Amino acid sequence: MNKQQDSQNNSRSNHVPPHESSQTNPMNQTNQTNVLHWYALRTRSRHEKMVRDQLVHQGIEPLLPTVKRLSQWKDRKKEIEVPLFSGYCFVR
């Protein structure tokens, strides 16, 4: 094998496609530092909606996932929304 063929083989084996490069895009680093993290706030039981409303009033972004549940009393049945995670409200 001559030197020219040897150098061509080495350049092919060392070639890394741009999407597999170990270098990171500076734009991605900026986006990662500006990402807001989610936090779980522990609340008093059955006060989750009140806490969510107070957070909205303070300008904080809350997340209170709810599910509809059928509640039954002696005289009636009613579909109510209850928090998916009782005692917690999530904020970002």
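Colleague: Which residues form a nonpolar patch on the surface, and how much accessible area do they have together?

Modeller: In this predicted model, the patch consists of Val-67, Leu-84, Phe-85 and Tyr-88, with about 340 Å² of accessible area together. Membership requires over 30% relative accessible area, no salt bridge, and nonpolar side chains joined within 5 Å.

Colleague: What makes Phe-85 partly exposed?

Modeller: Its relative accessible area is 41%. The class partly exposed lies between the buried limit, under 20%, and the exposed limit, over 50%. Phe-85 is therefore called partly exposed, its value of 41% falling in that interval. As for location, Phe-85 is found in the loop between strand 4 (77-83) and strand 5 (88-91).

Colleague: Why is Arg-46 called exposed?

Modeller: Arg-46 has a relative accessibility of 81%, and exposed means over 50%. Arg-46 therefore counts as exposed. The residue is found in the loop between strand 1 (39-42) and helix 3 (48-57).

Colleague: What is the phi of Arg-46?

Modeller: Arg-46 has a positive phi, about 65 degrees, although the residue is not a glycine.

Colleague: Why is Thr-66 called partly exposed?

Modeller: The relative accessible area of Thr-66 is 29%. Buried would require under 20%, and exposed over 50%. With 29%, Thr-66 meets neither condition and is therefore partly exposed. Thr-66 belongs to strand 3 (residues 66-72).

Colleague: Which residues does Thr-66 touch, leaving aside those up to four places away in sequence?

Modeller: They are Glu-81, Val-82, Pro-83 and Leu-84. A contact here means heavy atoms within 4.5 Å. Separately, Thr-66 and Ile-80 are 14 residues apart in sequence, and their C-alpha atoms are 9.7 Å apart in space.

Colleague: What makes the link between the side chains of Thr-66 and Glu-81 a polar contact?

Modeller: The two side chains are joined at 2.9 Å. The cut-off for a pair of N or O atoms is 3.5 Å, with one able to donate a hydrogen and the other to accept it. The distance of 2.9 Å is within that cut-off, and the pair is therefore listed as a polar contact.

Colleague: How do you know that strand 3 and strand 4 pair?

Modeller: Pairing requires at least two bridges. Strand 3 and strand 4 are joined by 7 bridges and run antiparallel; they therefore pair. Among these partners, Val-67 is matched with Val-82 in strand 4. The two strands form a hairpin, with 4 residues between them.

Colleague: Why is strand 2 said to pair with strand 5?

Modeller: Strand 2 (residues 62-63) and strand 5 share 2 bridges in the antiparallel sense. The requirement is at least two, and it is therefore met. Pro-62 has Val-91 as its bridge partner in strand 5.

Colleague: How many bridges join strand 1 to strand 5?

Modeller: There are 4 bridges, and the strands run antiparallel. Leu-41 stands opposite Cys-89 in strand 5.

Colleague: Which residues make up the two faces of strand 5?

Modeller: Cys-89 and Val-91 form the covered face, whereas Tyr-88 and Phe-90 form the uncovered one.

Colleague: What is the overall composition of the chain?

Modeller: The chain has 3 helices and 5 strands, following the pattern α-α-β-α-β-β-β-β along the sequence. Of its 92 residues, 11% count as buried. The accessible surface of the chain comes to about 8500 Å², of which 49% belongs to carbon and sulfur atoms.

Key
Residues numbered from 1 in each chain as written. Predicted model: local features only at pLDDT ≥ 70, side-chain atom pairs only at ≥ 80, totals over all residues. Heavy atoms only, no water. Buried < 20%, exposed > 50% of the residue type's maximum accessible area, 1.4 Å probe, protein only. Areas by Shrake-Rupley, 256 points an atom, 1.4 Å probe, with all protein chains shown as cover. Patch = residues over 30% accessible without salt bridge, like charges linked within 9 Å, V, L, I, M, F, W, Y side chains within 5 Å. Salt bridge = Lys/Arg side-chain N within 4 Å of Asp/Glu carboxyl O.
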